[in-house]
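Q: Hey, could you walk me through this protein? I'm new to reading structures, so plain words please.

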Amino acid sequence: MDLITALWWLAGIAGAGALIAARRPARLFLAGLVAWLVIGWLTGAAGWIASIILLVVIGAPAALLSATGTRERLLSRRLLPVFRRIMPKMSETERSAIEAGSVWWDAELFAGRPDWSKLLATPKPVLSPEEQSFLDNETERLCDLANDWDSTQIWQDMPPAAWDYAKEAGFLGMIIPRSYGGKGFSALAHSAVVTKLATRCSAAAVSVMVPNSLGPAELLLHYGTEEQKNHYLPRLARGEDVPCFALTNPYAGSDAASITDTGIVVRRMWEGRETLGFLVSCDKRYITLAPVATVVGLAFRVRDPEGLLGDNPEPGITCALIPRAHPGLEIGRRHWPLNAVFQNGPIRAHEMFVPVDMVIGGHAQVGKGWRMLMECLAAGRAISLPSSATGAAKIATNGTSAYAAIRRQFNMPVGRFEAIEEPMGRMGGHLYAMDATRKLSAVAIDIGEKPSVISAIAKYHMTERGRMVVADAMDIAGGKAICMGPGNFLARAWQQIPIAITVEGANIMTRSLIIFGQGAIRCHPYILRLMHAGAESDGRKALRDFDRAFFGYMGFVASNALRAGLAGLGVRRRAPKGAAPELARYYRAADRLSVVLALSSDIAMATLGGALKRKESVTARLGDVLSQLYILSAVLKRYEDDGRPGADLPLVHWAAQDALHRAHTALRELYANYPIRPVGIALRLLCFPFGVPAAAPSDRLHAEISALLREMGPTRARLFEGAWQPRPDIEPLLGALEPAAMAYPRIEAIERRLKDSIRAGTIGRLPQALPLLVDWAGEARQKGLIDAEEAELIRTFADNAAKVIAVDDFPQDFGMAEALQTRAAYWAERDGGEAPGIARIGRGGAKARSSRAPTAAE
């Protein structure tokens, strides 16, 4: 073969590859083929026989694919019936769940070619002045009124004064528009408030987040009638009504669509006239705020055997709003989830008559409840639990890093041990990624998205990372962390973190079914279109839609296969314009993972078909890749939004490398355990011919992050921004933590300055025992080695550090008698010793129905 022929073949292969990789239409491919053959014939690189053969072998298929009408008649008409036979059947509830919400950046990641300019152009997460003021003042005040120790030890609830203030200040109506008396806050503000409350009191965080997420207010805003909105929303905004939403029952937990609670359509006399409604029988459990709720959102499955609503005997799941005093509604006693004291309990009813006017949205919304719930859950799931988990991680990392900076063992702070630097580095890196993901997810909602897939990613991964952070914190704090008391900032988080893992869909199910199950269909550019075409009853439209979707899909797979192979050989996209050059490698790695995810997902759907729904290990690992790509995106975006602070780079590098490591681990496990072994081997060889990368964040990064956490500098301040900071006037024990940690570097500087005197024996080494430290300072002052200010600094440090290191102790009853006395004294001062019931209202004992929720103390 001469040089001209070789170059001609090389140009043809490169041109074809470029057109396929760029997903250009078949007619452009055909035009390029003709031009290539003409050039080959003119240059003598190909004779007329070779040109004809190539034109027939390559050109004929290209011509067929270019001619839409011919393609429909010859190919698609035969393929559509086959596709309909193999297409997995989808129930109405599955369809509602899949089609609920919207897709956003997750679709870019799933499509194999993310447009980073779209992400980088997303608004920065910035609170309005009013929202920031609410976070700095009202939220700070609620944190002062409610803490985990008093809530669990004294009140078994958020303290009554905190309940009153939460209602008075508008915490229960943050998402309700101003026109109805609410705050009208953004999703970002809602998230910031819950995060801050979670750094102080889990009962306060949950009691505030539930009315502002999946609850009656959210459903009323989107689906309620004007009459329902005008009646309930102002009352909810003022805290006159406390809402809950009852969905889960004993036989349908994470599989909430299978609820067995029923409402039979009947006509009954109601308020003096015959009324259309439902005889509802239900058994609900795990309903947050149920014991104190004054209005209950209730989901039940409607059945219409007599056809009173229409022709459909099974209209489906319906959501109604029922006052607490409604005849037949039974609010049960409290559940006790892992010593958490937010109000939670069962709700029951037996043949309770519910007028159709109580359905949220009225008659028109009967049977549409599941879609309503899925739409609202897409937003609420992205805020509540990711925010509370991030808050728990903030308080754990903040307190533990300060504790490790001052707690000395073997004459050095424990935070400087390599064995401690590794978990401290993990904690800081996880927290950076969690906060970045929390903010990006909230911003998505604020720009109008209802991100169902992203919300599942945020819920699952933030709660799991929160669990990792708290576990590392417990290991570092040791005995300090396992002894309960007001000075323990970790114990309640350690006890209660499994609650977040369980609720709003158990994490195992979320990972295995929801993230990829919804993502593969909603985010894929062709799958949902194929499914709609297969279900279309109009034959002509079905054929046309199927033809475009199917051949678009085939081009999509071919493009991704080629790009994945090239990426495996080192040919990758450039980092996006305008992105931080120091992070360019992460953008390129994300691009490569995106195309590998797209190809691996398509191959899994093609080779496993309908069985993929039951191959949960496969879907879980593919979902992990999508999730880690989203977390990586949030990390990259946060660095840009923060103004590219160079001091934060250890956190950014750790979070980015951790996300990549977890994604690559998921792919490695996917290929090694693929149900069809040859397919797994082929995918790995194509996508990673030199092996799947295995690098995790290094020990050096762990050490750098640990140092940043000990330094009390601007990076640490950014990491813990929005957390409640303990103050000595409110929390004498926890309030001593940060002053001690901030003073310790100056103590070390004094020790370094006196090293010659220590070596000479003029004075001993800095003692490890804090009581001896004061004596040491006195001796050093007497010998003129330190001045009076330094001696006072050491004395104050020793006092604060002793409070931090101390472990709480109690009388034989663990303080229960004292707790009872405190409660009795509170009610004696406030209400003359009378514990108010459900009809007692508000501050100062004023009476008005349902304005204050009763507490456990009542």
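**Chatting through the fold**

A: Sure, let's begin with one residue. Not counting neighbours up to four places away in sequence, Leu-583 is in contact with Leu-636, Tyr-639, Leu-649, Val-652 and His-653. Keep in mind that this is a predicted model.

Q: Which residues have the most contacts inside the largest nonpolar core?
A: Those are Leu-583, Tyr-671 and Phe-797, and that core has 144 residues.

Q: And what does the second core include?
A: That separate core has 73 residues, among them Met-158, Val-210, Ile-287 and Ala-442.

Q: Okay, switching to charges. How many salt bridges does the structure hold?
A: There are 41 of them. In general, side chains of opposite charge can pair when their charged atoms come close.

Q: Can you show me one? What does Arg-548 meet in a salt bridge?
A: The partner of Arg-548 is Glu-72, with 3.1 Å from N to O. This pair links distant parts of the chain, 476 residues apart: Arg-548 sits in helix H24 (residues 539-568) and Glu-72 in helix H4 (residues 68-86).

Q: Is Glu-72 buried or exposed?
A: Glu-72 is buried, because its relative accessible area is 5%, under the 20% cut-off. Arg-548 counts as partly exposed, at 39% relative accessibility.

Q: Got another pair? What about Lys-118?
A: Lys-118 forms a salt bridge with Glu-108, at 3.9 Å from N to O. Lys-118 is in helix H7 (residues 116-120) and Glu-108 in helix H6 (residues 105-110), so the bridge ties together parts that are ten residues apart in sequence. Lys-118 is partly exposed, with 36% relative accessibility.

Q: And which residue meets Asp-472?
A: That's Arg-426, and the salt bridge there is 2.7 Å from N to O. Asp-472 belongs to helix H19 (residues 452-477) and Arg-426 to helix H18 (residues 418-446), so to speak two distant parts of the chain, 46 residues apart. Asp-472 counts as buried at 8% relative accessibility, while Arg-426 is partly exposed at 25%.

Q: Which residues do shared salt-bridge partners join into one network?
A: The network is made of Glu-140, Asp-144, Lys-196, Arg-727 and Asp-729.

Q: You mentioned H18. How do the axes of H18 and helix H26 cross?
A: They cross at roughly 90° and come within 8 Å, with H26 covering residues 616-641. The two helices are therefore roughly perpendicular to each other.

Q: Which residues in H18 meet H26?
A: On the H18 side they include Leu-431, Tyr-432, Asp-435 and Leu-440. On the H26 side, Tyr-630, Ile-631, Lys-637 and Tyr-639 are among them.

Q: What classes of residue does that contact have?
A: The contact of H18 with H26 has ten nonpolar, two polar and three charged residues.

Q: New topic: where is Met-474, and what does that residue touch?
A: Met-474 lies in helix H19. Apart from residues up to four places away in sequence, Met-474 touches Ala-481, Ile-482, Leu-490 and Trp-494. Between Met-474 and Trp-494 there are 7.8 Å in space, C-alpha to C-alpha, and the two are 20 residues apart in sequence.

Q: Buried or exposed, that Met-474?
A: Met-474 counts as buried, at 11% relative accessibility.

Q: Last one: where is Asn-800?
A: Asn-800 is in helix H34 (residues 788-805). Asn-800 counts as buried, with 14% relative accessibility. Leaving out neighbours within four places in sequence, Asn-800 is in contact with Ala-736, Pro-739 and Ala-740.

Methods
Residues numbered from 1 in each chain as written. Predicted model: local features only at pLDDT ≥ 70, side-chain atom pairs only at ≥ 80, totals over all residues. Heavy atoms only, no water. Salt bridge = Lys/Arg side-chain N within 4 Å of Asp/Glu carboxyl O. Helix = DSSP H or I, 4+ residues; strand = E, 2+ residues; numbered from the N terminus. Buried < 20%, exposed > 50% of the residue type's maximum accessible area, 1.4 Å probe, protein only. Core = buried A, V, L, I, M, F, W, Y, C linked by side-chain atoms within 4.5 Å. Contact = heavy atoms within 4.5 Å. Axes fitted to C-alpha atoms, helices over the stretch in contact; angles between N-to-C directions. Parallel < 35°, antiparallel > 145°, perpendicular 65-115°, else oblique. Nonpolar A, V, L, I, M, F, W, Y, C, P; charged D, E, K, R; others polar.
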